[in-house]
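Me: I would like to go through the strand pairing of this model step by step, asking each time what a given term rests on.

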Amino acid sequence: FSVTTDNGTGTPTVTLKQHGDSLSGSYSSQIFGEQAIMGTVTGNKIAFSFSAAVEGQSLTVKYTGTVEADGTLKGSVDLGGFGSGTFSGKRQP
């Protein structure tokens, strides 16, 4: 993933597994560490989130977007009231 927010840019590692219309997986970044994620898939729309603590404050990070025809994921991210931004990601072989 490539993420651009009000607070800067990052390249978290995101692993998603789809089971029907449910998503599960993991999120790994320097800021949020290792987090379990849960979400949904409806058609080409995806949504997933995770909870984390940053500098002693708990927040929920929410990703919403679409799966493009070439398999790229694109959309927006809400950092639980601490900013927002956009993301894109591509499946790794």
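Me: How do you know that Leu73 has a place in the pairing of strand 8 with strand 9, and which residue stands opposite Leu73?
Reply: In this predicted model, Leu73 stands opposite Gly89 of strand 9. Strand 8 covers residues 73–78 and strand 9 covers residues 84–89, and six bridges link these two strands in the antiparallel sense.

Me: Why are strand 4 and strand 5 called paired?
Reply: Pairing requires at least two bridges between two strands. Strand 4 (residues 22–29) and strand 5 (residues 33–42) have eight bridges, in the antiparallel sense, so the term applies by that cut-off. Ser24, for instance, has Met38 in strand 5 as its bridge partner, and the two strands are joined by a hairpin through three residues.

Me: What makes strand 5 and strand 6 a pair, and how many residues lie between them in the hairpin?
Reply: Five bridges connect strand 5 to strand 6 (residues 45–54) in the antiparallel sense, against a required minimum of two, and therefore they count as paired. Thr40 stands opposite Ala47 in strand 6. The hairpin has two residues between the strands, and Gly43 in the turn has a positive phi of about 65 degrees.

Me: Why are strand 2 and strand 3 said to stand at the edges?
Reply: The open sheet consists of nine strands in the order 2-1-9-8-7-6-5-4-3, with antiparallel pairing. Strand 2 (8–10) and strand 3 (13–19) each have a single partner strand, so one side of each is left without a neighbour in the sheet. From one strand to the next, the twist averages 20 degrees.

Notes:
Residues numbered from 1 in each chain as written. Predicted model: local features only at pLDDT ≥ 70, side-chain atom pairs only at ≥ 80, totals over all residues. Heavy atoms only, no water. Helix = DSSP H or I, 4+ residues; strand = E, 2+ residues; numbered from the N terminus. Axes fitted to C-alpha atoms, helices over the stretch in contact; angles between N-to-C directions.
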